[in-house]
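The following report examines selected helices, charged side chains and backbone features of one protein chain. Please consult the sequence and coordinates displayed below while reading.

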Amino acid sequence: MSTISDLVYQMATGQMETPALDGSDAGRWAWFADLYDNPQWGLAATVPNFNEAGGSVGRLCRATTTCERESLMIRWEALSRLAAIKRTESATAEHHAWTAVINSGVDVHDLLDDIEYGGTETVTSAFSAIISAHSDVNAEKFIAQATDAWESYRTATQPLAASLFLATSSDRTVAPSQLKVAS
């Protein structure tokens, strides 16, 4: 297993914190939206054949904290059913991306039912999709950009604009050893 795969495994098993584990609901869902549709590091940009879907999921993530409950439930239920179908007929990277969508649907249910959620399954599925689609070096770069972006969302005192990634992205790469380890 590669170093970046080890990192995601550690996140999935709770040995390391995943991004979006804490923070406001608005910040989390804004970051989840970028996880799907950010043009530099989101799934729409990094997973083949997921561009259009990533954009749609990103828009729904952005609506999650402001949309009326019934409408939101109907939209996420439909998207989760589509994701369940699409992942059965997809290549590995796309399969993981659709799994992230299903996991986001579970997180929405938790949000609406006032159940604590951290997005661990969503994040690790999305990161697994990136790993499946790219070399370790490139996957590490995309994941580091996503993680860096989360720090901006987590510490924001007001909801962030959709284009936050433009202000926070850089060409630098963060090594897995620089990510926060759970206590």
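Which elements cover the buried residues of α7? In this predicted model, the cover includes α1, α2, α3 (43-46), α6 and α8.

**Helix α7 and its surroundings**

Helix α7 comprises residues 120-133. Of its 14 residues, 11 are buried, so the helix is largely enclosed by the rest of the structure. The buried set consists of T120, T122, V123, T124, S125, A126, F127, S128, A129, I130 and I131. The length of α7 can be checked against an expected value: at 1.5 Å a residue, its 14 residues should span 20 Å, and the end C-alpha atoms are indeed 20 Å apart, which agrees.

One of the covering elements is α6, and its geometry relative to α7 can be specified. The axes of α6 and α7 come within 8 Å and cross at roughly 170°. Because this crossing angle is over 145 degrees, the two helices are roughly antiparallel to each other. On the α6 side, the contact is made by T92, A93, H96, A97, T99, A100, N103, S104 and D107. On the α7 side, E121, T122, S125, A126, S128, A129, S132 and A133 take part.

Another covering element is α1, which spans residues 3-12 and contains V8. V8 has a relative accessible area of 5% and is therefore buried. Not counting neighbours within four places in sequence, V8 is in contact with T124, F127, S128, I131 and I143. Among these partners, I131 illustrates a link across the sequence: V8 and I131 are 123 residues apart along the chain, yet their C-alpha atoms are 9.2 Å apart in space.

**Charged side chains**

Side chains of opposite charge can pair when their charged atoms come close. How many salt bridges does the count come to? The count comes to four salt bridges, including the three tabulated here with their closest N to O distances.

| Pair | N to O distance |
|---|---|
| R62 and D34 | 3.0 Å |
| R62 and D37 | 2.7 Å |
| E151 and R154 | 2.7 Å |

Two of these pairs involve R62. The pair R62 and D34 links distant parts of the chain, with R62 in helix α4 (residues 51-63), D34 in helix α2 (residues 25-37), and their positions 28 residues apart. The salt bridge of R62 with D37 likewise runs from α4 to α2, so this pair ties together parts that are 25 residues apart in sequence. Shared partners join D34, D37 and R62 into one network.

The accessibilities within this network can be stated residue by residue. R62 is partly exposed, at 29% relative accessibility. D34, by contrast, is buried at 1%, and D37 also counts as buried, at 19%, because that value falls under the 20% limit.

The pair E151 and R154 is local in sequence: both residues lie in helix α8 (residues 136-155), three residues apart, about one turn of the helix. E151 is partly exposed, with a relative accessible area of 36%, and R154 is partly exposed as well, at 33%.

**A buried acid without a salt bridge**

What is the nearest side chain of opposite charge to D107, and how far away is it? That side chain is R28, at 7.4 Å, and D107 is buried yet has no salt bridge. The cut-off for such a bridge is 4 Å, so a separation of 7.4 Å does not qualify. D107 is found in helix α6 (residues 92-112) and is one of the α6 residues that make the contact with α7. Leaving out residues up to four places away in sequence, D107 touches W29, F32, Y117, G119 and T122.

**Positive phi values in loops**

Two residues other than glycine merit separate mention. Phi of A20 is positive, near 75°, and A20 lies in the loop between α1 and α2. Phi of D114 is also positive, near 55°, and D114 is placed in the loop between α6 and α7.

Are A20 and D114 buried or exposed? A20 is buried, with a relative accessible area of 0%, whereas D114 is exposed, with a relative accessible area of 72%.

Methods:
Residues numbered from 1 in each chain as written. Predicted model: local features only at pLDDT ≥ 70, side-chain atom pairs only at ≥ 80, totals over all residues. Heavy atoms only, no water. Helix = DSSP H or I, 4+ residues; strand = E, 2+ residues; numbered from the N terminus. Buried < 20%, exposed > 50% of the residue type's maximum accessible area, 1.4 Å probe, protein only. Contact = heavy atoms within 4.5 Å. Lys, Arg positive; Asp, Glu negative; His and termini not counted. Expected span 1.5 Å × (residues − 1). Axes fitted to C-alpha atoms, helices over the stretch in contact; angles between N-to-C directions. Parallel < 35°, antiparallel > 145°, perpendicular 65-115°, else oblique.
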